[in-house]
Every structure is written in C-alpha cells, then in structure tokens.
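User: I should like a close look at a single helix of this protein and at the surroundings into which it packs. Please give a connected account rather than a list.

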Amino acid sequence: MKLIEATKYCKICFNQIKDNSFYSLLHKDNLLCEKCFSSLKARFINFKIGNINSIAIYDYDDTIKKLIYTFKGCYDYELKDVFLNRYLTYLRIKYAGYVLVPIPSSEIDDQKRGFNHVKEMFSALKLPYIDVLRKNNNEKQSAKSSKDRLNIDNILVEQNINILYGKKVLIIDDIYTTGATMFKAIQLVKKANPKVIKVLVVAKTIDLKKR
Ligand SMILES: [Zn+2]
C-alpha cells in the first residue's frame, strides 16, 4: 500500500524527488534529490580557533560557493534550508541546549536582502538566537587600506554580552576564511564567561598549508 503524497521537488535543481530512495523514505523533510545531495560533499571538518572546538560542514568548494552566492547574493530565500537539511537530526542532538550567536552582517546588507542569511541557514536547528554582536558600521572596510583591515579590533562590537553568562554558546557563520572576524567574536563572547563556546560554520576555505 502506498500513501498518496504531494510531489516534492529538489530545492536546488527543481527535479522531482523520487520517493523511492532509502533516505527519502525515512526522512519526509528531505529537500534534495540524490544528485544534488551527493554534489554537496559534506565533510564536517574539525578545527581549532585557539582552544575553541570548531566544525565546518563543507569545504568552500565551487558547488558550495555557487549555492551560498545564489542564496545570499541573489536573495534566493528558498535555499535557506538546503545547507543543513540532511544533518539536522545529528546537529540537533550535538548542539542540544546551546544558544546561537550569529556573526552579524551589516544592517544595510540585511535590509537590502530582506533577511539575515546566517540566521536563516541555521534556523532549522530551532535553537534560540541571541544577538549580542554587531558590525561596527563606523569602520567601512573597503575604504581602508589592507594594512588597516588587519586591525581586527574594529570589526565587531558587543552589546549586552553578559546575557551569555553560564550559557552554552554556539557561534555560527556562513563562510570561514581568514578567521579574523570569528576570532574577534570569540574574544567578545569570552568576556561573558559562558559555560562553553563552540563554533559551527557552513563552509571553510581550503587551508592549503595544513594539507
Ligand atoms: Zn536536485
């Protein structure tokens, strides 16, 4: 006997998701066809930022780069859930009891986009967000020399950071590149004396030095 279900289409390629795949049978919230899913190549890369345990779900390869760009740069809101989709059960267990602290975008970018891309990418975790970090708008990075840009003290500022006292904090971002912003965020969060700090990013640029 087969139950009648609405036909589902892959969020990335729009092809019909065949409900005869093993995964699809078990997971009704599946958003991706097998082809797109296997093109994403999640790697769950463990790395340290100082003493902070960090995980990047993907390498920042061409596929992920294009997908993030379509979502974030072309405002394709429908892609928000594809990045974590098949790992939600695992991630919800791993980070149960954590609060999310997103690395902020500039408020102007968020307004233009109509959504905050980092918050949306991680929203399916159903964990509370605590907005305690803010981009320092007085420091327009592009207007500065590359030497000044290395001065990370001006990237982020905190507000009401003490609200994180005693909490399990998961700092989240879309792309980890130089790590300067994340490093600054960790420094600010540490001031509140949270119980634990961890980092989860969608993608990390490939570090050729360490391979
Ligand atoms: Zn697809």
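The request concerns helix α3, residues 62-73. Which residues of α3 are buried, and against which elements do they pack?

Analyst: The account below moves from the helix itself to its partners and then to the core. The model is a predicted one.

Helix α3 spans residues 62-73, and its buried residues are I64, L67, I68, F71 and K72. Viewed down the axis of α3, these buried residues fall within an arc of 115°, so they line one face of the helix. An α-helix has 3.6 residues a turn, so residues three or four places apart point the same way. The face of α3 turned away from the buried side carries D62, K66, Y69 and G73, which are exposed. Just after the helix, Y75 adopts a positive phi of about 60°.

The buried residues of α3 have four packing partners: the strands β2 (52-59), β6 (168-176) and β7 (196-204), together with helix α6 (117-122). These elements belong to a protein whose secondary structure comprises eight helices and seven strands.

The surroundings of α3 can be followed further through the largest nonpolar core, which has 37 residues. Within this core, V169, I171, I172, A185, V189 and V201 touch the most other members. At least two residues of the core come from each of β2, α3, β3 (98-102), α6, β6, α8 (180-190) and β7. The greatest contribution is that of β7, which supplies six residues. One of the residues with the most core neighbours, V189, touches V101, I161, L164, V169, I171, P194 and I197, when residues up to four places away in sequence are left out of the count. Apart from this core there is a second, separate one of six residues, among them I12, I17, L32 and C33.

Strand β6, a packing partner of α3, is in turn paired with β3 in the parallel sense, over five bridges. In this pairing L100 stands opposite L170 of β6. Strand β3 is mostly covered, with four of its five residues buried.

For the protein as a whole, buried residues account for 27% of the 211 residues. Of the contacts between residues at least 6 apart in sequence, 71% join residues at least 24 apart.

In summary, α3 presents a buried face to β2, α6, β6 and β7, carries exposed residues on the face turned away, and supplies at least two residues to the largest nonpolar core.

Technical notes: Residues numbered from 1 in each chain as written. Predicted model: local features only at pLDDT ≥ 70, side-chain atom pairs only at ≥ 80, totals over all residues. Buried ≥ 20, exposed ≤ 12 C-beta atoms within 10 Å, placed from the backbone. Arc of directions from axis to C-beta. Contact = placed C-beta atoms within 7 Å. Core = buried A, V, L, I, M, F, W, Y, C linked by C-beta atoms within 7 Å. Pairing = 2+ DSSP bridges.
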